[in-house]
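Welcome! Here is a short guided look at one protein model, taken a piece at a time.

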Amino acid sequence: MKCLALLIVLSLLSLKSKAQNDSHIEQVQFKRLHLASESYESAGVFDINNDNHPDIVSGSYWYEGPDFTKRHYIGPVTQHGEYWEDFATVPIDVNNDGLMDYVTGDWFTKKIWWCENPGDNSQWKTHVIDQTGNVETLRGWDINNDGRLEIVPNNPNQPLKFYKLNTNGNSNQNGYFTKINVADNQGHGLGFGDINGDGRGDLIISSGWLEAPSSIDNGTWKLHNDFDLGTASVPVIVADVNRDGKNDLIVGQAHGYGLDWYEQTISSGHGKWKKHPIDPYNSQYHTMEWVDIDNDGNNELVTGKRYHAHNGKDPGANDPIGLYYFKWNGESFVKETIAYGSLGVGKGAGLYFSVKDLNGSGRKDIVVAGKDGLDIFFNEGYKK
């Protein structure tokens, strides 16, 4: 009997060990390429020279695809201590000349501007769009569902607004853009997506969500103070996490510990939100993307630490640096590590990173800048 009991215990331990190992057998593998040691915190991916190969833009340079070894100068970027005047890289053909430009902005000048692609290797011209107030970062979203990106800056303690590109291609006082005011104030954090299922995208700020009117450009956006997200990430992801037909929120704490999802529940016709932890043990989840990283038809959460977001003054600032993807298993998120460790071993997510297929493999690669350098993580798929 003792022998039989021992065999049963050993069998159970073996099964448990196998289950634990199997849970991570099919982890997506990545091949890392370090491009530069500059400490810009934003990286965009788009075809600059119209050769049908994606290129990379970060700070003062663009890196020519498909091998990214050839670097071209864009223009000077001013430095402020550990920061640079480059807090986003949103690709958009502003002047409709067939060449992709990009929009950026920064905290210090309190402006957003667009950088004009010259079509050759000369220096890019910059054009101020507006004096917005301190720019935490900005995003490009199709707010009015016209197939074109609008520019939405996150300006803590300033009015919330977005900038619509003029379809007639004519310049005006905002440099081809028209400003649309949304709300009198916003905090740290910004998201976009359909919260109430009416087919229109709503805007999420740290203190609640703004319901889109039927007339996006001229109507009044209604604020619902349903939650307080703290120093929330940019973006706040709007997605149906648990696939119950209602969109939920995924929120990182940009300047503290915490990564959570907020489940939308319905009570008496009003939205209610239940908070679920994803990763409470890491800090400075400042930015993230919701993309299909493993080609299974379902999106995963890609995010990581913004290394030295406040120059070492945030909680957990000197903890190891990590870049991860989180996969929903039907009940919770499973964390998979892409790069983790000390400076030079791990990798942070910066302020704005890009997830695009760089080499035509059919798999999405990750291009990420930060105070810890610029790297590509080539997606090699599942490798057992």
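## Threonine 104 and its surroundings

Threonine 104 belongs to strand β9, which covers residues 101-105. The model here is a predicted one. Is threonine 104 buried or exposed? Its relative accessible area is 2%, and because the cut-off for buried is under 20%, threonine 104 counts as buried.

What does the side chain of threonine 104 reach? One partner is the backbone oxygen of alanine 88, at 2.7 Å. Another is aspartate 86: the two side chains are joined by a polar contact of 3.1 Å. If you set aside neighbours within four places in sequence, the residues in contact with threonine 104 are Asp86, Phe87, Ala88, Ile112, Trp113, Cys115 and Leu138.

## Glutamate 41, a loop residue

Now let us move to a loop. Glutamate 41 sits between β1 and β2, the latter being residues 44-46. Glutamate 41 is buried, with a relative accessible area of 5%.

Which side chain makes a polar contact with the side chain of glutamate 41? It is that of lysine 371, at 2.9 Å. Lysine 371 also appears among the contacts of glutamate 41 beyond four places in sequence, together with Tyr83, Arg306, Gly350, Leu351, Tyr352, Ala369 and Gly370.

## A sheet of four strands

Strand β1, at one end of that loop, is also part of an open sheet of four strands. The strands follow the order β1-β30-β29-β28, and their pairing is antiparallel. At the edges are β1 (28-36) and β28 (354-356), each pairing on one side only. On average, and ignoring direction, neighbouring strands of this sheet are turned by 20 degrees against each other.

Take a look at the pair β29 and β30. Strand β29 spans residues 365-368 and strand β30 spans residues 374-382; three bridges join these antiparallel strands. Across this pair, isoleucine 366 stands opposite phenylalanine 377 in β30. As background, strands of a sheet pair through backbone hydrogen bonds.

## The largest pocket

Finally, some empty space. The largest pocket has a volume of about 550 Å³. How many residues line the largest pocket? There are 21, and those nearest its centre are Arg139, Gly140, Trp141, Pro235 and Glu289.

Several strands give two or more residues to this lining: β2, β8 (90-92), β12 (137-141), β20 (237-239), β24 (288-291) and β28. You have met two of these names already: β2 follows the loop that holds glutamate 41, and β28 is an edge strand of the four-stranded sheet.

Note on methods: Residues are numbered from 1 along each chain as its sequence is written. This is a predicted model: local features need pLDDT of at least 70, side-chain atom pairs count only at pLDDT 80 or more; totals for chains, interfaces and linings use all residues. Side-chain values use heavy atoms; hydrogens and water are left out. Two strands pair if DSSP finds at least two bridges between them. Axes are lines fitted to C-alpha atoms, for helices over the stretch in contact, and angles run from 0 to 180 degrees between N-to-C directions. Buried means under 20% relative accessible area, exposed over 50%, partly exposed in between (1.4 Å probe, protein chains only). A polar contact is a pair of N or O atoms within 3.5 Å; within protein, one must be able to donate a hydrogen and the other to accept it, and residues adjacent in sequence count only if both atoms are side-chain atoms. Contact means heavy atoms within 4.5 Å. On a 1 Å grid over the protein atoms alone, a cavity is a set of points where a 1.4 Å probe fits but cannot get out, and a pocket is an open set with protein on both sides within 12 Å along at least five of seven lines; lining residues have an atom within 4 Å of a point. Grid points are joined across faces, edges and corners, and a volume is the space filled by probe spheres set on the points.
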